[in-house]
Amino acid sequence: MPTLFQQIQAGTLWDFHGGIHPPVRKSQTSSKPVAQLPLPDRLYLPLRQHIGVAGRLIVAVGQRVLKGEALTSADNSMAVPVHAPTSGVIHSISQHTSAHPSALPEPVIVLVPDGKDEWRERRPLNIATSSRHQILERIQDSGIAGMGGAGFPTHLKAGMQQPVDYLIINAVECEPYISADDALMQEAPTTIVKGIDILCQLLNPKAVLIGIEADKPIAIAALKAACSQREHYYVREVPVKYPSGGEKQLIQLLTNKEVPAGRRPADIGIVMQNVGTAFAIAQAVLDDQPLISRIVTVTGETLRQPQNVLALLGTPVSALLDFCGFQSEAQQKVIMGGPMMGFTLPDLAVPIVKTTNCILAPTRDELPDNGPELDCIRCGQCADACPATLLPQQLLWYSKARDPVKLQEYNLFDCIECGACAYVCPSEIPLVQYYRVAKAEIREQQREALKAEQAKARFEARNARLEQEKQQRLARNQQLAAARQQTQPNQNQTVAEALARVKAQQAEKAALQATESAKDHQQILAERELKKQQAREYQAQKQATAAASAADSALASASDSSVDSKAAAVAAAIARAKARQADAASSPTVEQTSAAEPTTPEAADPRQAAVAAALARAKARQAGQTNSTMAEPSAIAAEPEQQDPRKAAIAAALARAKAKQSVTATAATTVTEPVAADAVAKPEDPRKAAIAAALARAKAKQSAAPAQETAIVKPDVADIAVTTEQQRQAADTAIQPDAAGNEDPRKAAVAAALARAKARKAQQSIEQQTTEQQHSEQRDSEESKTE
Ligand code: SF4
Ligand code: SF4
């Protein structure tokens, strides 16, 4: 029995389950040459045009780019870049309707062609001298992804490390209407074979199987001619049956191998590439021409010239339709892809991308809409037509029930969305639409689950990191605590010493403050006592001076009025009264009064005041003796005059004149001197000055009164009254408050009492002198009569 490889070499073909035979309708375009589409006004280039991730944007708005210049860079294995299909300027980078059944907007680069179609520098590779890595890198940098419709990055398939038995080139193109690969094989079979050569250099398969449907005779002939020089290149004509172009179906057709559910063809040693992908690889490696254009079948009965066109990627669908004479009708639908696996476009501005192989604009009669959806009658025709040996009926139920577990249990993801089940369904149930929605929901759930799992992993990693940091922190703290415990005694001793120093400083400061306070207090007391002593001394000196001044005044008065012994006697009496007043100043009454005013100078030293008073009385007695001695000659001298009445009268008149003069002089002297003395001695006590002034005036009057009495012989009662009245006024004046209003009632009362006492004494002295004068006159008269 021949081996599998021998059977393959012999051209044996196998079959797959299911499949349908829809109208082909390829003849509208397959026999026509590929047309060159003119440059559109703008190109809309999605950043991602394949299965994978988008590249990193490397151009900016306003930048001029050359044809073939990369607009994005592939920074990971699942990314392939996009290139400028022609030279021009980047107009904008914005959102645009995507070439996807969801029609969701996606980021696109808007390029405005400049019409120059200026190429960048190209650097073709020599595959004989280039390394595998260089070739794979060139394939990736050229942005090549599967052009059969899946869009898987080609460099990943071409760079697989697993051993490859068979490299299958898919040139079946089983979908009705589509003839792009057919046209490509007819026009560029040699380039296709060169691309297959590059793949074989990368994968090193045992054989290359090129599968082409039998309804493409021109392409089959062209490829057989191109492969005639390759030993293990086998061009196989497969029967026309839909979907014989499916990956798993074609593998089964050519190798009789089935790819297990959930596995890849590489797992069974098979790699499949589209014939258009092989062509793109050849261009990229040998001509350094990235994937910037592709052949697109523009067909449908609404077009005047349906044909295959070579369109730049990013060209709006409307441009292709317009180029082919599009005549839309009411409720016109335009399908991207074939009638079995394509999707209706929501917008004709959708651009051509790397996986776009057909634009179908059929009339309503040509491709009528599905009728109203009916309930499943469980006829089983869908299962019979399914090339993946699935159970479309069960998948429908679970899709409606949104049961992902059951859907995956029934191998929903093995469905190639060929649409064969829906094509045969008598209830016109859009089965493929249900499956697409179910797949999208499950993929979304899987993405969310993956995110949750990643988030959980990050959370757990974070917790682990925090726990590790916590343990490290605890360990570090324990080490620090241990180190502190070792150094603790020294630290405690240092702190105790510092505290002791602080306490010592505080105690020293407190003692210093106490010493200074005591010193200040003692100093204050000493200064106060010294001031008191000085005040007492000053007061005693002042009183002695006042007493001496009073005695001197009395002596002076007596001396000035020596003509009249009576006036001298009065002066002596006044001196004695002043002495008694000085005694009164030191009496207990005054002391008690002064005790209420400890600051008064008179209360300084009573004993000194008594001594001063005694001295004053002695001076007064001396003055009285002197006056008495001096008055006797006058009396004797007056005796002869009294013998003559006229002489006596004249002598009396002269005596009165002298007395008046003496009164005037004495008053001036006695008034001025005591006041001046008091002003000097007691400038600070106006009340005492007033008292002294009153006393001085009284003494002046007393001095004047004897002189008048001596001159007139008979005392004048009116003068006596005047004198006593003046003394009372002096007493009243003495008790008047000073100008400052510093009235002391007790002192005023004492001064008034003294003044009244002086007045009474003065009156008594005058009366006594008057009486003695009368007695003297009577005695003189009796003596005269006796003589
Ligand atoms: S072909 Fe349609 S009606 Fe028949 S079983 Fe399948 S889904 Fe139901
Ligand atoms: S669309 Fe899916 S379920 Fe339907 S026939 Fe194709 S592979 Fe089978």
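**View 1. Strands β6 and β7 pair antiparallel in this predicted model.** The partners are β6, residues 88-97, and β7, residues 105-113. Nine bridges join them. One of the residues to pick out is G88, whose bridge partner in β7 is P113. Strands of a sheet pair through backbone hydrogen bonds, either parallel or antiparallel.

**View 2. Four strands make an open sheet.** The order is β2-β7-β6-β4, with antiparallel pairing. β2 (43-46) and β4 (64-65) are the edge strands. Each has a single partner strand, so one side of each lacks a neighbour in the sheet.

**View 3. Helix α7 has a buried side.** The helix spans residues 217-226. Its buried residues are A219, I220, A222, L223 and A226. These residues lie on the same side of α7, because they cover an arc of only 165 degrees around the axis. An α-helix has 3.6 residues a turn, so residues three or four places apart point the same way. The face of α7 turned away from the buried side carries exposed P217, I218 and A225.

**View 4. The buried residues of α7 pack against four named elements: α5, α6, β9 and β10.** Two of these partners are helices, α5 (180-187) and α6 (189-203). The strands are β9 (207-213) and β10 (233-238).

**View 5. C227 is a buried cysteine without a disulfide.** Its relative accessible area is 3%. The closest cysteine sulfur belongs to C200. The separation is 9.4 Å, too far for a bond. A disulfide is a covalent bond between the sulfur atoms of two cysteines. A search of the whole structure finds zero disulfides.

**View 6. Residues surround ligand 1.** The shell includes cysteines C376, C379, C382 and C425. I377, R378, G380, Q393, P426, S427 and L431 also belong to the shell. By class, the shell divides into seven nonpolar, three polar and one charged. C382 is buried, with a relative accessible area of 8%.

**View 7. Residues surround ligand 2.** Cysteines in this shell include C386, C415, C418 and C421. Also around ligand 2 are P387, P392, I416, E417, G419, A420, V432 and Y435. Helices α14 (420-424) and α15 (431-560) are the elements that give two or more residues to the shell. The residues divide into 10 nonpolar, one polar and one charged.

Note on methods. Residues are numbered from 1 along each chain as its sequence is written. Chains are lettered from A and ligands numbered from 1 in the order in which they are written. This is a predicted model: local features need pLDDT of at least 70, side-chain atom pairs count only at pLDDT 80 or more; totals for chains, interfaces and linings use all residues. Side-chain values use heavy atoms; hydrogens and water are left out. A residue is near a molecule or strand if one of its heavy atoms lies within 4 Å of it. Ala, Val, Leu, Ile, Met, Phe, Trp, Tyr, Cys and Pro count as nonpolar, Asp, Glu, Lys and Arg as charged, and the others, Gly among them, as polar. Two strands pair if DSSP finds at least two bridges between them. A disulfide is a pair of cysteine sulfur atoms within 2.5 Å. Buried means under 20% relative accessible area, exposed over 50%, partly exposed in between (1.4 Å probe, protein chains only). The arc is that of the directions from the helix axis to the C-beta atoms. Contact means heavy atoms within 4.5 Å.
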